[in-house]
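Here are some worked exercises to try with the coordinates open. Have a go at each task before you read the steps below it.

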Amino acid sequence: GWTAPGGRPHAETEALKRAGAAARGATAYVTLEPCCHWGRTPPCTDALIAAGVARVVVAMRDPDPRVDGGGIEQLRAAGIAVSTGLLEDEARAINAGFTKRLTRNLPLLTLKLASTLDGRIATRSGESQWITGAPARRLAHALRGTHDAVLVGSGTALADDPELSCRIPGFAPVPTVRVVADARLRLSPGARMLREGGGPVWIATRPGHPDALLAPLRAAGAEIV
């Protein structure tokens, strides 16, 4: 099981639902300590206890102050064996966005830059395809598919006319929000990202643009923010 987009339902309840009666006496492996508080969903610890799970292996403690070890304590108090720290570094990498939001109230940002050995991002004529090789381009698509949004400036949008979607065969992530920082509102309503599917398009711009510029972009599907 895995946590659904938007954070609900949690992975534990999804896994238990899929396992059914097979969960009794089984071992549950989780990348994050099960929650033990009521929010929009009941505590995952209650679900694990009710299912009769015998052991829970927790990769990392939940930094949420409402949990932070409390889930582990509750499971142990119910007689469930709990092990912690298995593949903790990998779990911290997977949960990096969640952890940063909770501990610093900031989003996780990833800078993606393609440059030559001498620090150039294009030739003198502006050509840039391709500075990188196929493996790096696959990684760029994977980054798009594992982030909530991807942001480019209007210069990149105009020069490259990118789609900014994840196009890895067999990988179907939640559509990424594609954001263009465009103070002068130069993006064309015919831009590829507006013609092709792949997720919502937001244009971040300054206030005061005339409706003659805004209306065609909105009609093409862009959201002006």
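Helices (H or I, at least four residues) and strands (E, at least two) are DSSP runs, numbered from the N terminus. This is a predicted model, so local features need pLDDT of at least 70 and side-chain atom pairs count only at pLDDT 80 or more, while totals for chains, interfaces and linings use all residues. Residues are numbered from 1 along each chain as its sequence is written, and side-chain values use heavy atoms, with hydrogens and water left out.

**Exercise 1. Place Thr 45 and describe its surroundings.**

Step 1: find the element. Thr 45 sits in helix α2, which covers residues 44–51.

Step 2: check the accessibility. Buried means under 20% relative accessible area, exposed over 50%, and partly exposed in between (1.4 Å probe, protein chains only). Thr 45 has a relative accessible area of 0%, so this residue is buried.

Step 3: list the contacts, meaning heavy atoms within 4.5 Å. Leaving out residues up to four places away in sequence, Thr 45 touches Pro 34, Cys 35, Cys 36, Gly 71, Gln 74 and Leu 75.

Step 4: look for a polar contact. That's a pair of N or O atoms within 3.5 Å; within protein, one must be able to donate a hydrogen and the other to accept it, and residues adjacent in sequence count only if both atoms are side-chain atoms. The side chains of Thr 45 and Gln 74 make one at 3.2 Å.

**Exercise 2. Work out how strands β1 and β5 pair, and which way their residues face.**

Step 1: get the rule straight. Two strands pair if DSSP finds at least two bridges between them.

Step 2: start with β1 (residues 27–30). This strand runs parallel to β2 (residues 55–58), joined by 4 bridges. Tyr 29 has Val 57 in β2 as its bridge partner.

Step 3: follow the side chains of β1. They alternate: Ala 28 and Val 30 point to one face and are buried, whereas Thr 27 and Tyr 29 point to the other and are not.

Step 4: move to β5 (residues 177–181). Here 4 of the 5 residues are buried, so the strand is largely enclosed by the rest of the structure.

Step 5: find the neighbours of β5. With β4 (residues 149–153) the pairing is parallel over 5 bridges, and Ala 149 stands opposite Val 177. With β6 (residues 201–204) the strand also runs parallel, through 4 bridges, and Arg 178 is partnered by Val 201.

**Exercise 3. Trace the salt-bridge network around Glu 163.**

Step 1: set the criterion. A salt bridge is a side-chain nitrogen of Lys or Arg within 4 Å of a carboxyl oxygen of Asp or Glu. Searching the whole structure turns up 6 of them.

Step 2: pick out the pairs. Glu 163 meets Arg 167 at 3.6 Å, N to O, and also Arg 192 at 3.1 Å, N to O. The Arg 192 pair links distant parts of the chain, 29 residues apart: Arg 192 is in helix α8 (residues 192–195), and Glu 163 is in the loop between α7 (154–160) and β5.

Step 3: join them up. Glu 163, Arg 167 and Arg 192 form a network of salt bridges.

Step 4: add the accessibilities. Glu 163 counts as buried because its value is 10%, while Arg 167 is partly exposed at 39% and Arg 192 is partly exposed at 28%.

**Exercise 4. Connect His 37 to a salt bridge.**

Step 1: place His 37. This residue lies in the loop between β1 and α2, and its 17% relative accessibility makes it buried.

Step 2: check its contacts. Beyond residues up to four places away in sequence, His 37 touches Pro 42, Pro 43, Asp 64, Arg 66 and Val 67.

Step 3: spot the charged pair in that list. Arg 66 and Asp 64 meet in a salt bridge of 2.8 Å, N to O. Asp 64 is buried, with a relative accessible area of 5%.

**Exercise 5. Describe the loop residue Ala 114.**

Step 1: locate Ala 114 in the loop between α5 (96–104) and α6 (134–145). At 21% relative accessible area, Ala 114 is partly exposed.

Step 2: look across the chain. Ala 114 and Thr 132 are 18 residues apart along the chain, with their C-alpha atoms separated by 6.6 Å. Residues up to four places away aside, Ala 114 touches Arg 120, Ile 121, Ile 131 and Thr 132.
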